[in-house]
Amino acid sequence: MPIRFDHGSPSRGLAHEPLPVPEEGREGRAPSGGEAVPGLTPVRGRGCGGRIAAKGPLFGHLTRLTPLLVALAGCAHGPGPTPGAGPQGPVASADPIAVAAARRATLDAIASARDARTHAPDLVPFARDHQDTEVRRAALRAMGLIGDPRIREIVQFRLGDPDPSVRAEAAFALSLHWGWELGPGSDRILAETLVEEALEAALSREEDPAARSAVLRALAWSGSEDAAPLLARELAAPGLREARPAPEPAVAAAEGLGILGYRKALGSLDAGTRDLLLGLLAADPALARGAAYALFRVPPPPEDPGRAAAVSALAGAAADPGTPREVRVHAARALGTTGGDEAALRLASLLTGPGLAPRDPGEAAVAIAAVRGLARLPSPEMAKVLGAVLSASPDPSLRAEAAAALAACAPAEASGGAAAQAGLAALAPALADPVADVRAAAAASLAALARDAALSRLAPLVEDPDPHVRAGALGALADVPGPAARDLVLSRLASDPASGPRLAALDALGRRAEDDVVGPLLSALDSPDPVVAGVAAAGLASRPGPGIGAALAAAFDRFPGPAGAEARVAIVDALAKREPPAEELFARAATDPDVLVQTRARLAIRALGNAPPPRPPRAGEAPPSPDGLPMAFAVETERGTFHLRLDPQEAPTAAANFATLAARGYFDGLALHRVVPDFVVQGGDPRGDGSGGPGYSIRCDYNPVPYERGVVGMALAGKDTGGSQWFVTLSRQPHLDGHYTAFGRVVTGMEVVDSLRRGDRILSVRPEPGPPVPSGPTPPPPPPAAGQGTTP
């Protein structure tokens, strides 16, 4: 199932601007579908990522184990514990083997409930009262991943835990909880208000840096504008500009303000907060990067009297070669969102002279950020600057960005206006560029700039030898009126040999205004390919006419199982836009085996003012275990080899899945279908069009590992929809943290990753020697000293 990525969020198929995190835990489009991975060993409990082997609903195992867990060695409190009760140490005469077995059973049971993704009542005593810190952390993580609404009360208690790692986990669990379903009858606003109050109280007393940072990040992900003053207060500490290194909570607060902007929860910064951030552009690199990121995500209002000072500070940071790369990049992009003629001039200056031929990846990233900033400031002068880039820069990524940015000239005036004409003139070199990505970007801009006259210019690109260019040209034809453009799209839909252009043609057909495209769309709905049927369903969603709703509903049952989830999701989305509502189908889809189909159906039911049924347990084979699998790999590409190491502790399911696919040779020979400069390199799609996967989906191992440069993550179409598509981040991406599974890191060879282009092939992914993954039971913790428990 395709994933949508932006310049800050990974998924299958990336878009340039970040998508806000919608309700019910969706992060964009990502891989899904298929059957369980055969031949995988049962997963053993691994702390917060433990698993237990079981077929069918997994949660029942937890209930069956509860009496054993309570009885063995006093590992859990007795029935009916109350928050704040004194700790109970282990029974002095308990058999250590029994203690270890009970601890293992506890962690396995928590992992079982976590993997079943059900609201599990039995997790409450583990999260609230258990004496073992690892058990408390595991239970909190599981409740956050499940979306159990009672986690709000548990977290309020655990934010006062004596162990700072548990307090950090409690805050992170809230970050997972936001955006997921709160349950029928829940008042989301009231719930978030209660939790925000708990976080504010926790912040007032939290002194541990890691736990305090987690609280600040949870406030940011709350999506509440009321969080902004609390985050800003963290940046007003005396001496912060001079601190080297910067305190971790200050970095979290700066990035958190950017997250609020990303989530559209913060429309603007007050003058005091803006000045704080501008002053931090010369601080420690991590803090300066966070400040620049916040200034990019939260632009000033047009009438802001501090705009001139902001432009001056941002331009100085962006142009200074001594400033760290990522600070310069975000400062350049912030200039674009700040706006105004002076900002445009400063951005243009970054693209003259050396900017046309960046000498290293850092300079290239700044130049690309300047182009993206200029795309927000269209003018004839901007078009000339971008035309110079297209004519003179040897960097194909920079030329492709410039070609795409020229589309912004069109909204400034009607077709034929000065800005549009300047854009067309500047675009000319890109239409004949030797690099396919540049020609594809030019095709998309051509339709925006030429409007009614675009057909004659796009027709040659529809015959281009590169399928990526043909797809771009066909997608652009959606906006070109007239029967000739429609007929050209229909012709390529029937005859193009590659799936990418055919899907682009079908999508373009669905977006056209003519009524006579309904027939071809209904024919495509009958395709056995679930991706084709899904695109056709999207095109039919808002079409008037009898029989369309019935055809969509009938198609739903033609795509059973994981492999058909792509089509079922699109059909539910299409029916949600039509009248009369397909209530019976929504009710069935709300308990669909695929979690994304469930989520879309539940949204449709809620939109009708009704409460959806409870989510069913996540049934099937146990998730794969990393035990005994290699966790270090050499990835050989056409441009060189890079080396990565997986993280089975934080992401056991994703790490085991990658290792298992690599052992099969699954990735060998696949092309990189998505490369966004200074954002991600993405591969693992056997279809090559961003919609493919291995035929099954895996649970998300969301974790607090930050998406720094070189982190390996799992592409998604929504929660628990990962499969085989994975990405490597090319720079720090705060808005991915905790919302895409981070499961590894590039340890050497990032220069190779930087050089990769769309279409480059992965020749092989081979295991390398590395630290063994521990297996077997986790040893029990030492008993607490007399009078010292581990719970309040």
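In this predicted model, the lining of the second largest pocket is made up, by class, of eleven nonpolar, seven polar and twelve charged residues. The pocket that these residues surround holds about 630 Å³ of space, and of the 30 residues that line the second largest pocket, those lying nearest its centre are Phe172, Ala214, Pro704, Val705 and Pro706.

Several helices contribute to this lining, for α4 (133-146), α6 (164-177), α8 (209-221) and α10 (248-262) each supply at least two residues to the second largest pocket. Among the contributors, α8 provides the largest share of the lining, namely six residues.

Further along the chain, the reader can turn to a sheet. Eight strands form an open sheet with antiparallel pairing, and their order across the sheet is β3-β4-β6-β5-β7-β2-β1-β8. At its edges stand β3 (674-676) and β8 (762-767), each of which pairs on one side only. When direction is ignored, neighbouring strands of this sheet are turned against each other by 25° on average.

At the β3 edge, the pairing can be followed to individual residues: β3 and strand β4, which covers residues 680-683, are joined in the antiparallel sense over three bridges, and arginine 674 stands opposite glutamine 682 in β4.

Helix α31, which spans residues 652-663, packs on the sheet, where the helix touches β1 (632-637), β2 (640-646), β5 (711-714), β6 (726-729), β7 (742-748) and β8. The direction of α31 makes about 140° with that of β2.

Notes: Residues are numbered from 1 along each chain as its sequence is written. This is a predicted model: local features need pLDDT of at least 70, side-chain atom pairs count only at pLDDT 80 or more; totals for chains, interfaces and linings use all residues. Side-chain values use heavy atoms; hydrogens and water are left out. On a 1 Å grid over the protein atoms alone, a cavity is a set of points where a 1.4 Å probe fits but cannot get out, and a pocket is an open set with protein on both sides within 12 Å along at least five of seven lines; lining residues have an atom within 4 Å of a point. Grid points are joined across faces, edges and corners, and a volume is the space filled by probe spheres set on the points. Helices (H or I, at least four residues) and strands (E, at least two) are DSSP runs, numbered from the N terminus. Ala, Val, Leu, Ile, Met, Phe, Trp, Tyr, Cys and Pro count as nonpolar, Asp, Glu, Lys and Arg as charged, and the others, Gly among them, as polar. Two strands pair if DSSP finds at least two bridges between them. Axes are lines fitted to C-alpha atoms, for helices over the stretch in contact, and angles run from 0 to 180 degrees between N-to-C directions. Contact means heavy atoms within 4.5 Å.
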